Structure formats: structure tokens, C-alpha cells
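Work through the exercises below with the sequence and the model side by side. Each task is followed by a solution in steps.

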Amino acid sequence: MKSIWIKTRKIMDEIEKKLQDYLENTPAASLSALEVHVLAALYEKDDQNASELARNVGRTATSFTPAIDKLQEKGLTMRRQDPTDRRGVLIYLTNDGEALRPHVLVAVEKLNAEFYVLIAKHDIEKHAYAPA
């Protein structure tokens, strides 16, 4: 019997592959799934605290730094000191990051729509009642 960890990892691999398919032949094609979701979170609310942004994409702040570093290296985000917290850092979109908005959001919307349909179908089949 395979563990739930392995099954979940395979599902995540499928989701990441499908996302890459949706991004193919767009300026956002080189982004990882995590980078796409970080940008999507910033499109919802720019200038987020790094810890808040990490939570918004389901990561811990400590494991999140490399993703932010990569986005900054690609010129898509930048860091600024949080004016209300001298230890805090805010993550902002750059103009180049903003330019990817339509490509990223279309890919995320397609991905969500496809997988929500599969999940809903599974839930319906799993919880369907036999006719009386």
C-alpha cells in the first residue's frame, strides 16, 4: 500500500505539469509552480510581508526565502524594508512581474477550474447515495 505522502506528491507533480502546459509559449513559461503562485498572491495584494506571503502560498517563511530570491533574480519582485517593522521585509512586484499578470492568472484560473471539476466529480462519486 502506497502512503498518502507518495500519492499526494504524485498529484502535486501532475498539477505542476499541467500548470507548465498552460504557461507553455508564454513569457511566464520559465516560472516554477511556486513562483507562479507567489506572483498570483502578489497580484491579489502587492507589498506583502514576506512571512504573510509565505503563509498565503502554503509555505513556512524559512523555506520560502529561496523562492523570493529567484523571483528577485529574475527581476519580477523586489524587497523593501517594512516602514512599520524594522525587522520586516515587504515583497513588491516590479514592472516586469506585473507584465506577467495576464499569463499567470489565466494559467492559474485554468488549472483551478480543471482540478476543481475533478475534485467535485470525485466528491460526488464518493458521496453519492444509491437510489432507494
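## Exercise 1: Salt bridges

Task: state how many salt bridges the structure holds, then describe the pair Asp 13 and Arg 9.

Step 1. The structure holds eight salt bridges, where a salt bridge is a side-chain nitrogen of Lys or Arg within 4 Å of a carboxyl oxygen of Asp or Glu. The model is predicted: local features need pLDDT of at least 70, side-chain atom pairs count only at pLDDT 80 or more, and totals for chains, interfaces and linings use all residues. Residues are numbered from 1 along each chain as its sequence is written, and side-chain values use heavy atoms, with hydrogens and water left out.

Step 2. Asp 13 and Arg 9 form one such bridge, with 2.8 Å between the closest N and O atoms. Both residues lie in helix 1, four residues apart, which is about one turn of the helix. Helices (H or I, at least four residues) and strands (E, at least two) are DSSP runs, numbered from the N terminus.

Step 3. Asp 13 counts as partly exposed because its relative accessibility is 40%; Arg 9 is partly exposed too, at 36%. The cut-offs are these: buried is under 20% relative accessible area, exposed is over 50%, and partly exposed is in between (1.4 Å probe, protein chains only).

Step 4. A network of salt bridges links Arg 9, Asp 13 and Glu 16.

## Exercise 2: A bridge across the sequence

Task: find where Lys 74 and Glu 35 lie, and say whether Glu 35 is buried or exposed.

Step 1. Lys 74 forms a salt bridge with Glu 35, and the closest N and O atoms are 2.8 Å apart. Lys 74 lies in the loop between helix 4 and strand 2 (77-82) and Glu 35 in helix 2, so the pair ties together parts that are 39 residues apart in sequence.

Step 2. Lys 74 is partly exposed, with a relative accessibility of 35%. Glu 35 is buried, because its relative accessible area is 3%.

Step 3. Leaving out residues up to four places away in sequence, Glu 35 touches Ser 30, Lys 70, Leu 71 and Lys 74. Contact here means heavy atoms within 4.5 Å.

Step 4. For another pair, take Lys 45 and Glu 52, whose side chains meet in a salt bridge (3.6 Å, N to O). Lys 45 is partly exposed at 42% relative accessibility, and Glu 52 is partly exposed at 24%.

## Exercise 3: The nonpolar core

Task: which residues of the largest nonpolar core touch the most other members, and which element gives the most to this core?

Step 1. A nonpolar core is a set of buried Ala, Val, Leu, Ile, Met, Phe, Trp, Tyr and Cys residues joined through side-chain atoms within 4.5 Å. In soluble globular proteins, nonpolar side chains tend to be buried together.

Step 2. The largest nonpolar core has 30 residues, and those touching the most other members are Leu 31, Val 38, Leu 39, Leu 53, Leu 100 and Val 104. Two or more residues each come from helix 1 (4-23), helix 2 (33-44), helix 3 (50-56), helix 4 (61-73), strand 3 (85-93) and helix 6 (101-127). Helix 2 gives the most, with nine residues.

Step 3. Not counting residues up to four places away in sequence, Val 38 touches Leu 53, Val 57, Phe 64, Ile 68 and Leu 71.

## Exercise 4: The chain as a whole

Task: give the order of the elements and the share of buried residues.

Step 1. The protein chain has six helices and three strands. Read from the N terminus, the order is α-α-β-α-α-β-β-α-α.

Step 2. Of the 132 residues in the protein chain, 30% are buried. Among contacts with a separation of 6 or more, 51% join residues 24 or more positions apart.

## Exercise 5: Two loop residues

Task: which phi values do Asn 25 and Asp 47 have, and where do these residues lie?

Step 1. Asn 25 is not a glycine, yet its phi is positive, about 65°. Asn 25 lies in the loop between helix 1 and helix 2, and it counts as exposed because its relative accessibility is 74%.

Step 2. Asp 47, also not a glycine, has a positive phi of about 50°. Asp 47 is in the loop between helix 2 and strand 1 (48-49), and is partly exposed at 35% relative accessibility.
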